[in-house]
Amino acid sequence: MTDTPPAAATPYLVADEEARALARRLLRTTRHAALGWLDPTTGAPMASRVALAADFDASPILLLSQLSAHTRALAADPRLSLLAGEAGAGDPMNQPRLSIAGTASPPIGREAPEHERLSRRFTAHHPAASHYGQFADFAFFRVTVTSAFLNAGFARAYPLGADDVTDSVAPDVLAAERRVVDHMNEDHADVLDRLMARRGRAESGWRIATLDRRGFELVAGSLVDRLEFAEPVETGGAFRKAFVALAAGLDADAPETGR
């Protein structure tokens, strides 16, 4: 009788909510990423640097020139990879980064119903895109995530599924996005600064750039950060409660996002 060989030990960890929150932060706050694509002539893997933003459901948004080699390659084979995670102070190899595998959509023209939303979310993080994005050869592309891999630092690696990275979107929650962002930025800018001060960010002038049902990205000049709600928002009217809970304890009146 032979012994059954032991199962091979895996070096990977099972994703928990902390890992998923870090993946969300990396994807939604990284402004530039490495784009992997396949050369249609040689089949060789290639890489480019691209500007990155995220849709409401966290699907990556790219604004690409259709004259670029990587855009022509994606037209031939839409499979791609993205590496998100800005290298800050310290050892870059010990800093978190997120690898994404997915497929690029066809170019999204100005006549498409989602074009306005993609443009608004992209330019919130890349203001210059409002200029070059008007050139005839540029178009938005939306990435469908198939899988991901989070390296959270030394000995902290997590395989992720698409559902760990992207999120569901209820129509009324999506419809409330712009109203909530405008209201918070116009009427409660002081609350946003106080929220960031509580986080240890002493800079002022924070504004919400992009919002989703789990949290929002704030920008102040070249700085970008993310805050998350205690619970995901399930209806458009629930944003008010989420912001009130987030602002609890601040030395200011809690914001009201409903009118």
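What share of the contacts in the protein chain with a separation of 6 or more comes from residues 24 or more positions apart? The answer is 62%. Keep that figure in mind as you look around this structure, which is a predicted model.

## The whole chain

Let's start with the overall picture. The protein chain has eight helices and 11 strands. With 259 residues, a compact globule would have a radius of gyration near 18 Å, and the 20 Å of the protein chain agrees with that. If you lay the C-alpha trace along its principal axes, it spans about 70 × 60 × 35 Å.

How much of the chain is tucked away? Buried residues make up 45% of the 259 residues. On the outside, the protein chain exposes about 13300 Å², and carbon and sulfur atoms supply 55% of that area. As for charge, there are 28 positive and 34 negative side chains, and the centres of these two sets lie 2 Å apart.

## Two nonpolar cores

Now for the inside. The largest nonpolar core holds 32 residues, and the ones that touch the most other members are L35, L62, L82, L98, L150 and L160. The elements that give two or more residues to this core include the helices α1 (17–29) and α2 (69–76), along with strands such as β1 (32–38), β4 (60–65) and β8 (157–161). The largest share, six residues, comes from β7.

Take L62 and see who it meets. Leaving out residues up to four places away in sequence, L62 touches L35, V50, A51, L52, L82, F122, A139, F140, F141 and V143. There is also a second, separate core of 25 residues, with L195, L218, L227 and F229 among its members.

One member of that second core, L195, is also one of the buried residues of helix α7 (residues 189–198). The others are A189, V191, L192, D193 and M196. What covers them? The cover includes the helices α6 (171–187) and α8 (239–246), plus the strands β9 (207–211), β10 (215–220) and β11 (223–228). After α7 comes G200, whose phi is positive, near 100°.

## Buried or exposed?

Here are some single residues side by side, so you can compare how much of each is accessible.

| Residue | Relative accessible area | Class |
|---|---|---|
| I61 | 0% | buried |
| A58 | 1% | buried |
| T166 | 18% | buried |
| R20 | 23% | partly exposed |
| G43 | 45% | partly exposed |
| A155 | 59% | exposed |

Why does T166 count as buried? Its relative accessible area is 18%, so it falls under the 20% cut-off. R20 has 23%, which lies between 20% and 50%, so R20 is partly exposed. A155 is exposed because its 59% is over 50%.

## A closer look at a few of them

I61 is found in strand β4. Apart from residues up to four places away in sequence, I61 touches A51, L52, A53, A54, D55, L118, R121, F122, F140 and F141. Y12, on the other hand, is 49 residues from I61 in sequence and 28 Å from it in space, C-alpha to C-alpha.

R20 sits in helix α1. Its C-alpha atom is separated by 9.3 Å from that of Y158, although R20 and Y158 are 138 residues apart along the chain. Not counting residues up to four places away, R20 touches A15 and D164.

Next come some loops. G43 is in the loop between β1 and β2 (45–51). The C-alpha atoms of G43 and A73 are separated by 9.8 Å, with the two positions 30 residues apart along the chain. T166 has its place in the loop between α5 (162–165) and α6. Setting aside neighbours within four places in sequence, T166 is in contact with D57, A58, S59 and V145.

That brings us to A58, which lies in the loop between β3 (53–54) and β4. Most residues other than glycine have a negative phi. A58, however, has a positive phi, near 85°. A155 also has a positive phi, near 65°, and A155 lies in the loop between β7 and β8. A58 is buried, whereas A155 is exposed.

Technical notes. Residues are numbered from 1 along each chain as its sequence is written. This is a predicted model: local features need pLDDT of at least 70, side-chain atom pairs count only at pLDDT 80 or more; totals for chains, interfaces and linings use all residues. Side-chain values use heavy atoms; hydrogens and water are left out. Helices (H or I, at least four residues) and strands (E, at least two) are DSSP runs, numbered from the N terminus. The radius of gyration is taken over C-alpha atoms; the globule rule is 2.2 Å times the number of residues to the power 0.38. Buried means under 20% relative accessible area, exposed over 50%, partly exposed in between (1.4 Å probe, protein chains only). Contact means heavy atoms within 4.5 Å. Accessible areas come from the Shrake-Rupley method with a 1.4 Å probe; for residues, only the protein chains shown count as cover. Lys and Arg count as positive and Asp and Glu as negative; His and the chain ends are not counted. The place of a charge is taken as NZ of Lys, CZ of Arg, CG of Asp or CD of Glu. A nonpolar core is a set of buried Ala, Val, Leu, Ile, Met, Phe, Trp, Tyr and Cys residues joined through side-chain atoms within 4.5 Å.
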